[in-house]
Amino acid sequence: MATRASPARRALSQNGSCSLQPGGAAHKGWQGFPPSFPLSRTAALGGVGRCRPAPGQAGGAVTCARCRAVRRHRGPGRPRERSWAGMGCAALLWGAILLACSCGPGPPRVGAAPLLAATYVLDDANGLGREFDGIGAVSGGGATSRLLVNYPEPYRSEILDYLFKPNFGASLHILKVEIGGDAQSTDGTEPSHMHYENDENYFRGYEWWLMKEAKKRNPKIKLIGLPWAFPGWIGKGENWPYDYPDITAYYIVSWILGAKQYHDLDIDYIGIWNERAFSSKYIKVLRHYLDRLGLWNVGIIAADGDWSISNEMIVDPYLNEAIEVVGAHYPGTKTVKNALLTGKKLWSSEDYSTFNNDVGAGCWARILNQNYVNGNMTATIAWNLVASYYEELPFGRCALMTAQEPWSGHYKVESPIWITAHTTQFTQPGWSYLQVDGHLEGGGSFVALTDGLGNLTIIIETMSHNHSKCIRPPLPNFSVVPQSATFYLRGSFSMVQTLQVWHSRLDFESGNSSLFQQLHPLRVWRGRFSLDLDVDEVYTLTTLKTGWKCGYPEPPPPQPFPSIYSDDFNIRNPPFSEAPNFADQTGVFEYFVNASDAGDHVFTLRQVVVQRPITWVSDADQTISVIGNFKWVNMTVTCDIYIEKPRDGGVFIAGRVDNGGIYVRDSKGVFFWVFADGTYRVTSDLAGKEILMKGLAGVRDNVWHTLTLNIQGNSASGLLNGYPLWENVTISKPGNGWAALGTRSFEFAQFDNFHIEAC
């Protein structure tokens with residue numbers, strides 16, 4: 001069980017704690033400058049003011065070399081080594097700077113090359129660029145938020161605040177969720193709202209809950225639904241959702257209507273089929289259904305793969321009219337000509353997908369800017385929102401933050417959260433980009449956005465190649481060097497006098513990164529300011545004063561999954577359809593009320609998918625749900641089982657299961673099977689082909705039995721109803737893995753009184 005919150009934490013859990021750096025994070029010694037001293041660097045750059053021009057220079061246009069030497073970069077958050085005792089010392093230093101700067105360029109700095117210097121103009125006089133649509137993340141694709149729902153309070157609410165609460169943490173503008181399709185979609189399966197043609201249930205899974213929690217924190221957040229897979233009935237036996245476009249459209253529109261009817265959620269955008277083929281006919285049919293039902297406000301995003309749909313859009317005006325957003329995945333910050341010719345919004349509708357250390361943060365910082373600078377993409381959506389799935393599943397911790405231990409309450413606010421805040425806390429969907437090139441002369445990029453009401457936000461990133469590699473696509477070589485950047489504010493920004501400054505530096509040498517720190521406000525002098533930029537930094541310069549770096553007390557320390565764990569599934573009104581900590585990898589296992597049983601098995605766990613879905617990857621032919629600690633070696637697993645399918649039905653319990661997610665079909669382990677025909681089998685694989693032992697068990701369908709699997713070292717044994725059935729089976733590999741349960745095929749079956757003891 002998770003540690004109970006202290007009274008102090010419970011008090012803080014209402015709003016969290018937010019802090020600016022002391023005194024606005026001005027560095028030591030700045031107080032010595034007179035109030036009229038004009039700053040042309042941020043606090044991070046030493047705090048020295050604008051120089052007098054050297055002879056022959058235009059007033060205020062450039063700075064002299066000797067003054068730059070005084071201003072050399074000392075690193076944000078790092079106080080100057082000297083200390084000034086009172087105004088007397090400040091005055092002496094002030095005089096020395098003026099004297100030095102008035103005597104011309106002066107000798108070059110000893111042992112330091114001059115910074116590459118360049119100027120950039122920010123001007124809205126000739127119009128604005130594209131409209132900004134926001135930054136978001138994906139829950140799903142699949143089952144990536146599976147463990148989040150099991151967190152106890154206050155930790156679950158804290159995690160949600162870091163993700164969605166405005167001006168708190170990531171402050172996301174967009175939440176994209178999977179429309180569950182009963183099939184494996186990367187790290188697990190998510191349940192459909194329509195398992196069968198005449199079945200509708202809008203309370204399955206956890207995406208409804210997650211959307212409501214996001215809306216509760218940010219009513220303006222945009223919601224997107226996208227299917228990765230579809231229930232098998234839609235394809236009428238074929239692994240294809242487009243043969244009957246009216247049926248598929250009906251299924252998707254039902255999800256949109258259910259979101260509104262049962263959860264008061266307005267879906268803003270809907271997708272087609274994640275990273276799979278698109279059908280122009282289906283897209284038009286879907287648009288027709290949406291319009292006929294008055295859902296004009298729901299935009300279609302297509303095709304959540306590459307840019308190829310734009311080739312058809314530019315020659316098919318009806319298709320072009322049906323689509324609101326052209327969305328591509330992992331575009332490498334580049335778009336294509338035909339996508340631009342559609343005249344539609346261009347989004348990176350899935351991106352990032354990178355381990356959430358500082359390199360992941362560097363990847364995220366780079367693409368958040370460069371998706372617009374290089375590709376005119378006005379929204380970027382990260383896969384995935386929060387790593388709330390077992391880390392040993394595919395793409396472990398490829399998320400903005402980590403929350404994979406509901407049993408301990410531990411979670412971690414990773415660096416990509418604060419990189420996100422550099423953009424999201426100082427912009428909103430509906431702002432506009434300025435028309436600028438956006439490339440820095442020394443490498444890196446910048447974007448500038450405005451609300452059209454005089455507010456301005458500039459985000460600068462200088463991520464180096466090796467420290468900003470995303471998982472895909474391959475990143476061409478480039479270089480970034482320390483540089484000096486001077487910005488001129490023109491048009492409606494010419495009267496801006498002060499900019500708030502937020503800064504992050506990813507430190508790959510010491511590992512002591514500085515994330516989302518507020519520095520001293522920057523004085524804009526006669527419409528211009530300068531910055532010395534180091535490598536692997538992010539700056540936000542903004543007229544807004546709304547930014548906060550908020551936080552809660554440290555969560556409980558990490559703990560492994562409990563070595564003794566039980567679940568009897570006896571819950572009459574479960575808050576979610578799935579039992580805690582079970583991670584379905586093929587099939588869907590739901591709480592079930594067994595009305596026909598008047599005994600000890602009224603409340604059970606039931607596998608409910610009875611037809612192979614229209615799959616996104618190569619699902620297993622068997623169903624399986626895993627649980628526990630992947631490092632477990634020795635374990636005893638006990639579970640009551642109930643085969644519902646006569647003759648060829650079957651179920652299993654297992655240990656040391658070594659695979660899941662998109663690789664579930666290749667899972668190895670120790671699998672103890674019993675079948676409705678009265679036989680049993682022990683295999684080393686989920687497919688049931690590598691048989692270690694088999695024989696007669698006397699098991700029947702529609703009767704409860706108890707299975708026990710004991711694995712110790714290189715030996716395994718099994719019990720049926722408390723009596724030994726087989727023993728001394730030699731196990732060579734795998735050496736560790738999860739516990740699991742499942743069925744022989746897509747069939748109804750029930751499980752009860754699950755218990756495990758492991759080490």
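**A walk through the model: rings, barrel, helix**

Phe 487 is buried, at 0% relative accessible area. Keep that residue in view. One note before we go on: this is a predicted model.

Who is the partner of Phe 487? Searching the whole structure gives 46 aromatic pairs. In one of them, Tyr 120 pairs with Phe 487. The centres are 5.3 Å apart, and the planes meet at 35 degrees. That makes the pair tilted. Now look at where the two rings come from. Tyr 120 belongs to strand E2, residues 116–122. Phe 487 belongs to strand E17, residues 483–489. The pair therefore ties together parts that are 367 residues apart in sequence. And is Tyr 120 buried or exposed? Its relative accessibility is 8%, so Tyr 120 counts as buried. The cut-off for buried is under 20%.

Rings also gather in groups. One aromatic cluster is made of Tyr 162, Phe 168, Tyr 411, Trp 418, Phe 426, Trp 502, Phe 516 and Tyr 552. Find them on the screen.

Charges meet rings too. Arg 292 places its charged end over the ring of Tyr 289, 4.9 Å from the centre. Over the face of Phe 592 lies Arg 606, and here the distance to the ring centre is 4.3 Å.

Next, the barrel. How many strands close into it? There are 8, with parallel pairing. The order runs E3-E4-E5-E6-E7-E8-E9-E10. Zoom in on one neighbouring pair. Strand E5 covers residues 222–227, strand E6 covers residues 269–270, and 2 bridges join them in the parallel sense. Gly 225 has Ile 270 in E6 as its bridge partner.

Stay with the barrel and move to strand E7, residues 299–305, which holds Ala 303. The peptide bond from Ala 302 to Ala 303 is cis, with omega near 0 degrees. Asp 304 is in E7 as well. Its phi is near 50 degrees, which is positive, and this is not a glycine. Asp 304 is buried, at 1% relative accessible area.

Where else do we find a positive phi outside glycine? At Asp 182, with a value near 70 degrees. Asp 182 sits in the loop between strand E4 (174–179) and helix H6 (207–217). Asp 182 is buried too, with a relative accessible area of 2%.

There is also a cis bond from Arg 472 to Pro 473, with omega near -10 degrees. Pro 473 lies in the loop between strand E16 (456–461) and E17. We met E17 earlier, as the strand of Phe 487.

Now a helix. H13 runs over residues 358–373, 16 residues in total. From first C-alpha to last, H13 reaches 22 Å, close to the 22 Å expected. At Ile 367, H13 bends by about 30 degrees. How many of its 16 residues are buried? The count is 15, so H13 is mostly covered. Look at its start as well. There, a side-chain oxygen of Asn 357 comes within 3.2 Å of the backbone nitrogen of Val 359.

Last stop: Ile 643, in strand E28, residues 635–643. Ile 643 is buried, with 0% relative accessible area. Along the chain, Ile 643 and Trp 704 are 61 residues apart. Their C-alpha atoms are separated by 7.8 Å.

That's my tour. Over to you.

Terms used
Residues numbered from 1 in each chain as written. Predicted model: local features only at pLDDT ≥ 70, side-chain atom pairs only at ≥ 80, totals over all residues. Heavy atoms only, no water. Helix = DSSP H or I, 4+ residues; strand = E, 2+ residues; numbered from the N terminus. Expected span 1.5 Å × (residues − 1). Bend = angle between axes of the 7 residues up to and from the residue. Buried < 20%, exposed > 50% of the residue type's maximum accessible area, 1.4 Å probe, protein only. Polar contact = N/O pair within 3.5 Å; in protein donor to acceptor, adjacent residues only side chain to side chain. Phe/Tyr/Trp six-rings, centres within 6.5 Å; stacked < 30°, edge-to-face > 60°. Lys NZ or Arg CZ within 6 Å of the ring centre and 35° of its normal. Pairing = 2+ DSSP bridges.
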